[in-house]
Structure formats: structure tokens, C-alpha cells
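Please read the following briefing beside the sequence and the 3D view. The overall picture comes before the individual residues.

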Amino acid sequence: MRFPKWVPGLLAAVTLVAVTLAGPAGAQDLRIGMVTPPPHQWTRSANALAERISAETGGRMKLAVFPSGQLGNEAQMLQQLQTGALDLAFLTVGELANRDADFGILIAPYLVPDAESAAKLLEGRTAAALQEKLGALGLKGLGYGMAGMRIVLLSKPLAEGGTVAGRKIRTLPLAQEMDFWTRAGAAPTPLPLPELFDAYANGQIDGMQIDLEGTWNNRFQDYSAVVLDSRHAIFPMFAVASARKWRTFSEEDRALITRLVGEEAAHIRATYPGIDADYRAKLAEAGAPLAEAGPDIFGDAVESWYEAWREKTPLLIELEREAKALTP
Ligand code: BEZ
């Protein structure tokens, strides 16, 4: 068959438009979700990750960042990861521990004294073993980040030698944490980070477990009679990908995402000791009611919690061993 002379030119132009609209070969538009607001370190790190992914792939791969639970709460994000509707997320331990109690060992009280040791513990054997368990939940683990050491805020004063018994305290929705506060005689009230401000300001809760960064960024100190710098637990972050989506990526893209997310997670771990120190100083300078607090504020909850959870999740014993070796 013979075509008029202009047909090949037209075909070439159509092909060029089609290629341009489809983007470069192997183009990937990825999404990452997290519950933290824009000023939080996890969100900043996600933005840095997005920039590096775009730069290193010459714009072929793009990462859109969805902070503040814009894609839903963590239960919903986990479902999206499992179906492949979401590519990546920075998750707290809450929903993971609800599916496999072993994850909850990471929030054991007084495992380590500070953020430096917390970072080391998350680089250890037990944390690595937990990361392997993410596969059973439809996730691919890409490394641990963390937030600052957990502290306690109370809206009403605490008498000298007093405990948290009788207070309605915000927690994460995992059994280990709620059990700890119940043993301390408090009423644990699970609330996700994005709902916390209204609940505290409206008096729905009269205390919370959080960190120095979250306290300062939300001005929770203004609603608190006391900011107890208890540093009683670590707060791991799981950097994860959807296992379903992971299988669709090329070898090269998997290696790139693994490297860049791993580096960002390591940066987060290395940064938190400084973040805790900075916010502690900011709060002190602003005249926040900061006070040191030891395990006594929890009554005898620490001891009885360990007795119960060593039996329910024996992996905790391994983690305790590792933690002890870090702080001789
Ligand atoms: C929280 O729910 O307390 C929290 C969540 C993510 C990062 C830091 C704190």
C-alpha cells in the first residue's frame, strides 16, 4: 500500500506527543504517607527523600508526600500499603503491634536512657528480626527511624511524690502501651497525633505521652501544669514500602529506593539526640513547667509490665539483653 508523503511525518509527530504525555520510559509516580505534620522531622525527611529520588532519576521517578494523616489514619494507610494503593509510609509501631504483638516490645519502659542508645538499639539484631516480620503484613521494611524519647504531660499539677494514677492519658492504640498505663492506675485513651490538639485543649484527656518536639510544635506546654521529662520509652519509626508495589519495581529502582530510604532513616536516627536537646532547651527558655521524673510516677507498673510481657512476647528478653549491653 502507498501512503501520501506526509503520513510518515504525521505518525512521527503522533508518537512524539504520545511519548511526551506518557513521560519518560519507566516513569514512576510514588506516594508516601505519614501522620506527622509538615514541621516534624519525619515529614522533612520525606520531603528530602522526594528531592533526592527526583534528582537521582533525572525526574523519571517522583515521590509525592502526604503528611498529617492526609491519606487516613495508620490503619487505613496500612490497608492501602497492603493493596498497593500506597507505595511508601513512615509508620509508628501502633498498628503493627496490633497485628503482631512482637512489634510492641520496642516501646518497653526504660529499655534505654536516651535517644543515642535508642538509635543503637534500632540498629541491633532484635530490631532486624522484627523488620523481617514485616513481610507477613504485606510490607517491605526499609529501615528504622525514630522520634524523641517519650515524656508525660499533665494538665493538672502532680503533688510531690505523686503518680499518674487516676489521669486520663493519651496513648497509642497498642496493647503494650495501654496495659502499661492501666497498670499505673491511669485510664489510657488511644488518640492519633492529628487528633491530639483538640482533645487536650477541650479537656477530653488530662494528660498524654508524647515527645519534646511534639510538645513544642503544638504548644502543649501552654495547656500543661507540668511537662515531665521522664524519657521512659523509645519511639521507633518503620520506613516501609508496599510489598505488592515492590514486586513491580525494576531491580535498579528497588536498589535506589532501598539506598535512599535507608540513608534518610539513618539520618533521622542520628538527628534525634540533637532534636531532643534543642526542644528541651527551647521549652526551658520559654518557661515551660519542665520537671525531671523517674519511674516512681508510674507506681509499680514497670516491674509488673515486664513480668507480664516477657511471658507474652519472649523476644522482649532478647531486646532487654541487647539494651543492657549498650548501657553497661
Ligand atoms: C505520636 O503519636 O505521639 C507521634 C507520632 C509520630 C511521631 C512522633 C510522635
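Helices (H or I, at least four residues) and strands (E, at least two) are DSSP runs, numbered from the N terminus. This is a predicted model, in which local features need pLDDT of at least 70 and side-chain atom pairs count only at pLDDT 80 or more, while totals for chains, interfaces and linings use all residues. Residues are numbered from 1 along each chain as its sequence is written, and side-chain values use heavy atoms, with hydrogens and water left out.

**Overall picture**

- The secondary structure of the protein comes to 13 helices and 11 strands, and its C-alpha trace spans about 95 × 40 × 30 Å along the principal axes.
- Of the 328 residues in the protein, 51% are buried, where buried means under 20% relative accessible area, exposed means over 50%, and partly exposed lies in between (1.4 Å probe, protein chains only).

**The ligand and its surroundings**

- The residues around the ligand, meaning those with a heavy atom within 4 Å of it, are Thr36, His40, Trp42, Thr92, Ala147, Arg150, Arg170, Leu172, Leu193, Asp211 and Phe235.
- Taken alone the ligand exposes 260 Å², and the protein buries 97% of that, with accessible areas coming from the Shrake-Rupley method with a 1.4 Å probe.
- By class, this shell has 5 nonpolar, 3 polar and 3 charged residues; Ala, Val, Leu, Ile, Met, Phe, Trp, Tyr, Cys and Pro count as nonpolar, Asp, Glu, Lys and Arg as charged, and the others, Gly among them, as polar.
- Two arginine side chains come up here: an N or O atom in the side chain of Arg170 is 2.6 Å from an oxygen atom of the ligand, and for Arg150 the corresponding distance from a ligand oxygen to a side-chain N or O atom is 3.0 Å.

**Thr36, a member of the shell**

- Thr36, one of the residues around the ligand, is found in the loop between strand β1 (28-33) and helix α2 (41-56).
- Thr36 counts as buried because its relative accessible area is 2%.
- The side chain of Thr36 makes a polar contact with the side chain of Thr43 at 2.9 Å; a polar contact is a pair of N or O atoms within 3.5 Å, and within protein one must be able to donate a hydrogen and the other to accept it, while residues adjacent in sequence count only if both atoms are side-chain atoms.

**Positive phi outside glycine**

- Most residues other than glycine have a negative phi.
- Ser68, which is not a glycine, nevertheless has a positive phi of about 55°; its place is in the loop between β2 (61-66) and α3 (74-83), and Ser68 counts as partly exposed because its relative accessible area is 30%.
- Arg231 also has a positive phi, near 45°, in a residue other than glycine; the place of Arg231 is in the loop between β9 (226-229) and β10 (235-242), and with a relative accessible area of 26% Arg231 is partly exposed.

**Residue pairs in sequence and in space**

- Gly203, found in the loop between α8 and β8 (207-210), counts as exposed because its relative accessibility is 54%; Gly203 and Ser155 are 48 residues apart in sequence and 8.4 Å apart in space, C-alpha to C-alpha.
- Leu196 is found in helix α8 (residues 193-201) and counts as buried because its relative accessibility is 0%; Leu196 and Glu51 are 145 residues apart in sequence, with 30 Å from C-alpha to C-alpha.
- Gly33 lies in strand β1 and is buried at 0% relative accessibility; Gly33 and Asp179 are 146 residues apart in sequence and 28 Å apart in space, C-alpha to C-alpha.
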